[in-house]
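Q: Hi! I've just pulled this model up on my screen and could use a hand finding my way around. Shall we go through it together?
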Amino acid sequence: MSDEKKFAGYICTGCGIGERLDSSQLEMIATREGKMQSCKQHAMLCSSEGVQMIRDDIGSEGASHIMIAACSRRAKVEAFNFPEVAMTRANLREGVIWVRPDAPEHQETTQEMADDYIRMACAELRSLKLPHASGEQSLNKTILVVGGGITGMTAALESAAAGYPVHIVEKQGALGGQAADYAKAIPTRSPYKEPRDTGVAEMIAAIEANGLITVHLNSTVAKTAGAPGRFNVDIATESGAVSNETFGAIIQATGFKLYDPSNLPQYGYSSSPDIVTNAELEKLVKAADGGPIKRPSDGKEVKAVAFVQNVGQSSSEEGQLPYHSGIGDLIAIKQAMYFKDRNNDCDTTILFNNLRTPGAAGEDFYRAGQEKMITFSKGQVSEVVPGDSLEVKFQDLILDEETSMQADLVVLDVGMMPNSGPDPYAVPIVIDEKAEAASETPRAPTVTVDSILNLDYRQGSDLPHLKNGFTDSHFICFPYETRRTGIYAAGPLRRPMDMRQAQDDAAGAAMKAIQAAENAGKGMAAHPRAGDLSFPSFRMDGCTQCKRCTVECPFGAINEDEKGYPMFNESRCRRCGTCMGACPVRVISFENYSVESVNQQIKNVEVPEEFDEKPRILVLACENDAYPALDQAGMNGVEINPWARVIPVRCLGSVSLSWITDSLNSGYDGIVLMGCAKGDDYQCHFVRGSAMAHERMDKVGDTLSSLNLEPERVVVYEVAITDIERAPKLINDMAETVEKIGLSPFKF
Amino acid sequence: MAKKEVSYYPGCSSQTGASSSNMMRATQTMCDELDIQLNEIPDWNCCGASIGYGSGGELPRLTLSARNIALSEQHNPGQEIVATCAACWLSTREAKERLHEDANMFRDANTALNEINLKLNNQTPVRHMVEVLVEDIGFEAIKAKIKKPLQGLKIASYVGCQTNRPFGIAEESFENPVYLDHLIESVGADSIPTYEKKVQCCGGALAFSEPEKSQEMIHGIIEAAYDHGADLIATPCPLCQANVEIYQDQINARFGSKFNMPVVYYSQLMSVAFGRNSKDSALDGQIIRAKSLEDIAGK
Amino acid sequence: MTEVIATNQTILVVGGGISGLTAALEAAETGKQVVLVEKRPYVGGRVTQLYKYFPKLCFPACGLEINQRRAKMNPNLTILTMAEVTDIQGDVGNYTASVKISPRYVNDNCTGCGDCARAVSAEFDDEFNYGLGKRKGAYLPHRMAHPQRYVIDPAILGTEEAAKAKAACKVNAVDLEMQEETVSFKAGAVVWATGWQPYDANKIQPYGYDRFQNVVTNVEFERMADPNGPTGGKILRPSDGEVAKNIAFIQCAGSRDKNHLLHCSRICCMATLKQTHYVQEALGDEGKSTIYYIDIRAIDRFEDFYQAVRENPNVSFIKSKVASITQNRENSNPVLNGVDTEGYHRYANEHDLVVLAVGMQPSVDKASFPVDIVINEEGFIEPATENGGIFAAGCSSDALDVNRAVQQATGAALRAIQVVNRVAGTEG
Amino acid sequence: MSDLNSAMTERYHNSFLREVEANVEEGEWVKMCMQCGVCAGSCPLGNAWEHTPQKLFMMIRAGKREAVLSSDSMWMCTSCYNCIARCPRGLPITHIMHGLAHYAKRLGLAPKNQPTAQFSQIFWDNLMKKGRVNELKLGLSVYFKDGFGQGIKNALANKQLGQNMMKAKRMNAMEFFGGHSIKDTSGLQKMIKKAQEIEDAKIQGNS
């Protein structure tokens, strides 16, 4: 294909478009105003003949840029799939005829809508290039696993089983992590009745025997630089030696720590050696080596043991965990079985509040525990009194009385806390405009724990936390989407979990890591714009080193060089365009999405003169949620005001303020921005995009007042994909507002 | 239809002059019509009912039933044991299952039976008469026999407890069994599908020892039948029948109600519908006369 | 005739719910060839019928949009809808699957314009809304259905109605001659993701779901709470259409019960806690929720969600498995009978509406798996090496919430990739 | 039996639970209760129970031997089997209640003058005599269980009932003299005696 651009337009007249609209007029607009070198109509463009017609034009006529005026860009995607050319779509079906009443008095305005969408699609097309990967990417398929516990070992074995080389970096002198100290594990295979072997020894042996796996013991990650496909990692050993390795992707499996019950005096943890945590009991049992379990104080065989559940967990009190490890009751059942299996006469009592034994495995194991005569009591423990025989005082919630029992040993169920490293956003990163000079070095958030990954990133050294230190994804549907592309968390640092879950989780994280490495090698974006080859570039000569892009990038993808210029990292980038929206001097753009490509659409809308009394409302709608909501409104026949012109944007975060000022300057009467929910329960697919847009738009008031315009003319909304009635209403509300306050004075 | 022979366990209250002797009579009539031959288990004994537990331990009670099963196996070989009394059926079937599951119990029971030179094989199915009707005979066959449909009668089906739980009839719901409604409809009467006291307990044996508590429950059973416009209550269970019927005077005195609700057996409904007279249908055994049934029987 | 191009390096994904879709997409986005087989006419499975997700109270449609876009864009993924795997033969790295494809009577000419639906007047219970509403005999199963292709209900076949649908279609998409067909193709590995179904509430006889109109299930409640659902998001009593204000939630309706499902379904506690938010959202302080439970099993990290609900004065908790429901004849109010076991308080509580938190039952009956596979007592697929190249994803493996199902499905995708990579290694 | 009566139980330890397992009908099920309370809510005489079945199970696990065995709660069981039908764990609750009642009575811990306990004794004695229950004598024994005076009162109060039954031929005054009987009464008594001996030996052996 030659580099020559050839523009071809196609207008579908099916689905009622031909009946409702003057398609010859549309064709004329496409060729005359839109500068399409050719424009064809088809009665059913998505049919195989229609698609073949386009294909032929691409193949034999050399069409390089095509404009399809038909249904929504969300419809018939598989039919209109021409990856070899640049393409835009004018939404005449869902966006025009389905949201307008089919009546003669509406004909004129409906046609005007369609006319404008043709103009916009043509204008956008003229400013697009077919995206190509930058060429900076490289394919390194080696996976780095940080942490050599159950999760890390599983991640390594699973990756290697798929044929990928792996390095494990483990801080301790041996693999195995916490589970290495366990006597047994909760059963993972039906019938879920007996504790099982932890499998740690077998896993270590499998790793040692696996030629694809390299293990670094007594080692930590001293520095991580680069991006997926080319992570450059310094591995430091205890001795001080540092080796440097390159990796395609990283899995962080650094596990958990246990809550320290010393702060809760009622449990007497510090006052008796016979009051132990569940983890300490494992060691005690392991030390017994199959023999009777003896209590620490005097080595007497334990004849009665009480398990105090839910210690310092699921609590709203200061210094305790607001969440729950979820598996403490299963652990207690397993541990009670240690005693019962050795000596059935040993009395084992579990004092719980809500017995958490979920799933098939959980409930089976609970019954198995009962069968072994473990006593379960819904009891609220108030105090453990130390002594030769320990007294556990509690409220029996079923018998509704204060009571107590005696035990030789008391086991406290303490919660799991993620070992996740410092949160980069523990202190929000802000740009202090006035102290710009002073902020040459990025402000590190206050860290109270040692970094684990030591990322050489603009936005902090480790994976961002979600809540309570967990690095879990915020997305229900996309549990692995961390905010650091190519770095995936697995195991209890994401959320509390048992070994079976951790192993499944490790496999999932390995899947994502492998995928990230593979796609980085091809220059393709990761989720949610998977496969996107477009990539932000910036014009250095225009850059003012303001650092907005490096700070606002939700994925920490952009570093800064010594002079404060942004350094984009293609394979860390998720292509949301938040940097583009952040840039005050408009130097950042994508080949297929730019300040210009949207600006051209805005400019090519025909803004009628004031006396026509036909206002124009610009709607910038997030393509992920708001735009589909408007599409569905069309399917439902919900009306949208004919003054509105909707432009889908990748994320509200990509909205450039210049689009707002330019459209106001060119006589638009109102602007509606629609993005996803922000805040703690954000639904923005790019995490911070919508929030950034809201913040930026807070300042748009200044622009409006400098133009002497009413502030109501620009509104920003959080719109969900389900807002099928509401989204059109918000647009229609703006039409009413404009009617109330009058047309913009900036009409020509 | 070939004649069906069963090993019949009538139970104490079915004996002449006993509280459900009327059921016995109607059952006999019904079985005559349906060609079911009832071969009584010779020298059967009391099952212990659901009150024997206080003094009789588990093994003695199981042994009581074991004796009946063993006698049946000896004298009526190859025939299923069929009972008409809920407690008899339940005790016998429970004993059979318990002795089947627990080898030690089975051994001990046989040791006791050995005292009288009996031996339990425990291979005999223990069934309720309504199972025979529903599963073996079938509603269609019953319908085919109807000579005098009980048209216009609205009948509350009161299944009670032990015919229903824990074994149930034809794997029906414990909460809302419908076989009795189907039987009522099969004889041409109207059932009350929403009758909510269908499986309410009448107090059982505690009607004797805890009359106040039991009569409160019975009151609810009858009241709901009235609320639904029932002409009659029909039941498969002798103790239910007795408890719901015979205390109505006392209940009226206690609750100020004016109940006078006939309570009959399914077998009585069927006997009348099959064209048999009041006497064969044991309608003279009612304490509260079932006038509407007598009228049909007398036609 | 449907043609499926597949080899021993192809991954077959059975079931197109959130787990199957995820496994298919993750593998396809890693460059693997994937065939996804889905029984319904659309992908997305049961999450499409949920109003919101816990704990974020965000909309499942939002993630569905992204996943569907991923599916539309990915050339490595073939989706067969209205299709069921009837047989799998062979061994790891070399399976042959037989797939039965039911006729949709609409071919891929369909533009989703809706002319056929407008032409047809026959209505049927809308399965998408669990029969709470009606749909036409020619229908798009739901607004975001992917593929965006209408379906002709076989019930109108051979009637005037079918002829009307065909006549209305301007693009020749209605094909009433379409026949059921069976295709078979190769696969190196299989991801089994047939998910779950709500436990049949009719079987929980003491709760009278089959007898009392104002007893509904939690999945039905999702549709009732959805503003785009059959009641427009109003929580209405089925008996009289009045707004239900005093709502009871019964936990473990069918779960943790040897008479029904032996297992704990894990998600129902969180689902109910979420649904109390629906009540609060719809009715404010006028809406009261009462949760009857055995143990509240809020899922680990989400315990704070539970605590927040506990602090809502409009929500109360009673530790009790409700014994039975009776009905007040006067007003059709369900009356819940039972004992609060914390301290022994007997109750007979009248509510406007009862929501049964029915449990998750594996979709495929233990006996009817088309392939020999290790299944546990509860009907879930065990993580067994004997399963060869067949890997369970999501709720086929255990009762899981969406988040965990997706997590587990992602891992299952890798295990399938391991197999096809080994095949590729030997086949070159 | 005295050793059983004075058995030491420690709270929340297994001693009493083990005793129940060994000596009470279906007692091995007690440990399987998960305290859902469905039995408690299903009992038709629920109001009359001081301790519901599920609570009794918890009390057994908590070692409250005296409180459990001297309770009159299990004597309220009407044998309706609702609890068994609904128990999600499949506990044979009705039988456990019968078993507990019987065990308490055997140990002499059952509450004195508990009407159902008395009735149960009368019933058993009645059936043991002839192998079949004599309803007339059973009724009279119940009326006269608290002495002659109270018996006359009870009989008068139920006079109408009795007359009704006689009229319907569902009660027969002749039953007072002899009445229905099995043929082999002595055999039956011998058999039951043997069964009792076996059971006594088992319980004695457990203590």
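**Two helices and their surroundings**

A: Happy to! One place to begin: H11(A) and H8(C) are roughly perpendicular to each other. Do keep in mind that this is a predicted model.

Q: Ok, at what angle do the axes of H11(A) and H8(C) cross, and how close do they come?
A: The axes cross at roughly 65 degrees and come within 7 Å. Angles of 65 to 115 degrees count as roughly perpendicular, which is why the pair gets that label. For finding them in the sequence, H8 is residues 402–427 of chain C, and H11 is residues 499–521 of chain A.

Q: Is that crossing left-handed or right-handed?
A: The crossing of H11(A) and H8(C) is left-handed.

Q: Which residues in H11(A) and H8(C) meet there?
A: From H11(A) you have Asp504(A), Asp505(A), Ala507(A), Gly508(A), Ala510(A), Met511(A) and Lys512(A). In H8(C) they meet Gln407(C), Gln408(C), Thr410(C), Gly411(C), Ala413(C), Leu414(C) and Arg415(C). By class, the residues of this contact divide into five nonpolar, five polar and four charged.

Q: Zooming out, how many residues of chain A are in contact with chain C?
A: 71 residues of chain A are in contact with 67 residues of chain C.

Q: And which elements of chain A give two or more residues to that side?
A: Those are helix H6 (150–161), helix H10 (359–371), helix H11 (499–521) and helix H15 (626–636) of chain A. H11(A) gives the largest share of the side that touches chain C, with 10 residues.

Q: How does that side of chain A split by class?
A: The side of chain A that touches chain C has 35 nonpolar, 22 polar and 14 charged residues.

Q: Let's look at chain C itself. What domains is it divided into?
A: Domain 1 of chain C is made of 11–102, 180–195 and 363–427, domain 2 is 115–168, and domain 3 is 199–360.

Q: How far apart are the centres of domain 1 and domain 2 of chain C?
A: Taken over C-alpha atoms, 27 Å separate the two centres. As for contacts, 11 residues of domain 1 of chain C touch eight residues of domain 2 of chain C. The domain 1 side of that contact has six nonpolar, four polar and one charged residues.

Q: Now chain B, what domains does it have?
A: The assignment gives domain 1 (4–129) and domain 2 (148–298) of chain B. Their C-alpha centres lie 25 Å apart. Between them, 21 residues of domain 1 are in contact with 24 residues of domain 2.

Q: Which helices supply the domain 1 side in chain B?
A: Helix H1 (21–34) and helix H3 (86–101) of chain B each supply at least two residues of it. The largest share, nine residues, comes from H1(B). Sorted by class, that side of domain 1 has nine nonpolar, nine polar and three charged residues.

Q: Last topic, the open sheet in chain A. What's the strand order?
A: The order is E13-E19-E14-E15-E16-E17-E18, seven strands with mixed pairing. Strand E13 (275–277) and strand E18 (401–407) of chain A are the edges, each pairing on one side only. From one strand to the next, the twist averages 40 degrees.

Q: How does E17 pair with E18(A)?
A: Strand E17 (residues 390–396) of chain A and E18(A) run in the antiparallel sense, over seven bridges. If you want a spot to click on, Phe394(A) stands opposite Thr403(A) in E18(A).

Methods
Residues numbered from 1 in each chain as written. Chains lettered and ligands numbered in written order. Predicted model: local features only at pLDDT ≥ 70, side-chain atom pairs only at ≥ 80, totals over all residues. Domains from an automatic or database assignment. Contact = placed C-beta atoms within 7 Å. Helix = DSSP H or I, 4+ residues; strand = E, 2+ residues; numbered from the N terminus. Nonpolar A, V, L, I, M, F, W, Y, C, P; charged D, E, K, R; others polar. Pairing = 2+ DSSP bridges. Axes fitted to C-alpha atoms, helices over the stretch in contact; angles between N-to-C directions. Parallel < 35°, antiparallel > 145°, perpendicular 65-115°, else oblique. Left-handed = near helix turned anticlockwise from the far one by under 90°.
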